[in-house]
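Please walk through the model below with its sequence alongside, beginning at one loop residue and moving from there to a helix and the nonpolar interior.

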Amino acid sequence: MLLKIITTTVLIFAFTALFAQIDDTYDTRKSGEHKVDSANMLLGEIYIIPFQDELFNCMFSKEIMRENNVNFDEMRDIIKAALMKQLTQHLTDSLTALSYTKLPEATKRQNDFATANTMTYVYRELPDGNKEKDQATLKQKLKKKKKKKEKQEGTYIKDGQILSERSTVEKFMDAEFKNNDLLFFLKDVHQTKYVITINQLDIELPPGATQLHLQHNKFERLIKAHYTIFDENGLAVHGGIGTVRFPNNQNNLRIITEEILAELAKGLSDTFYTAVKKHENKK
């Protein structure tokens with residue numbers, strides 16, 4: 001208990017000290033972005049957490065980097081910032097949204113540190129929206145982890161033999177809170193009601209693409225955003241994968257960020273409001 005109190009206190013102090021150094025920041029609302037005095041804390045009903053750098057995968061990096069004259073890190077950062085911007089704009093139709101890519105660099109680094117030490121990521125089966133397991137709390141999820149799997153997935157050795165079990169169930173990168181430190185801070189300081197985490201972003205080939213499709217360029221690319229929606233108490237409201245398709249020869253970052261990611265963000269926003277409405281009706 002003492003360790004928990006110390007950890008929470010340190011996290012809050014670090015955030016508070018950092019915000020005290022900020023000259024100005026932004027409150028994103030329906031009417032647009034408004035500067036607020038540095039003495040005031042940001043308030044937002046939705047808090048958006050972008051994907052970690054290591055959870056960005058792109059099968060077409062060379063083509064995009066070559067056409068836009070950027071390196072991999074620059075390409076990833078441009079795509080990350082654009083997705084957060086587009087998602088923030090679409091989410092502010094009814095609620096206020098905070099995206100910490102809108103904050104100064106020092107604050108973003110601090111938030112990345114806090115997120116990395118508060119959250120963990122794991123592949124899970126895609127939810128179907130009808131089972132109680134889709135609304136499982138972290139405690140329930142931890143209990144499920146303790147249950148022995150009927151079949152172990154992957155390649156492993158059993159009774160001196162090499163066995164391989166492949167899962168045919170589609171999975172997504174899910175997130176969960178290891179502790180409530182970040183949730184406490186968001187709720188107490190920012191008055192946050194919901195948290196959206198973009199857990200992983202993939203730019204890849206579509207399922208079923210064959211060598212013949214690749215040879216004749218007869219395929220579309222996919223952008224897949226793995227996400228989880230939490231309420232203020234850390235309850236997983238909904239999670240899954242948002243997907244958009246775009247032409248296989250499209251490497252222009254301006255078009256990708258302003259048009260294709262806008263379509264992805266619109267779909268994620270619609271999904272968020274549908275999930276939140278169901279969640280609120282169950283209360």
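**From a loop residue to the core**

Gln250 sits in the loop that joins strand S12 (236-247) to helix H8 (253-282), where helices (H or I, at least four residues) and strands (E, at least two) are DSSP runs numbered from the N terminus. This is a predicted model, in which local features need pLDDT of at least 70 and side-chain atom pairs count only at pLDDT 80 or more, while totals for chains, interfaces and linings use all residues. Residues are numbered from 1 along each chain as its sequence is written, and side-chain values use heavy atoms, with hydrogens and water left out.

Because its relative accessibility is 17%, Gln250 counts as buried (under 20% relative accessible area; exposed is over 50%, partly exposed in between, with a 1.4 Å probe and protein chains only). A polar atom of the Gln250 side chain lies 3.0 Å from the backbone nitrogen of Asn252. Residues up to four places away in sequence aside, Gln250 touches Arg221, Ile255, Ile256 and Ile260, contact meaning heavy atoms within 4.5 Å.

At the N-terminal end of H3, Asn71 acts as a cap, with a side-chain oxygen 3.2 Å from the backbone nitrogen of Asp73. Among the buried residues of H3 are Ile79 and Leu83, and both are in contact with Leu201, leaving aside the neighbours of Leu201 within four places in sequence.

The largest nonpolar core (buried Ala, Val, Leu, Ile, Met, Phe, Trp, Tyr and Cys residues joined through side-chain atoms within 4.5 Å) has 39 residues, of which Ile198, Leu201, Ile223 and Leu264 touch the most other members. H8 gives the largest share of this core, ten residues.

Methods. Polar contact = N/O pair within 3.5 Å; in protein donor to acceptor, adjacent residues only side chain to side chain.
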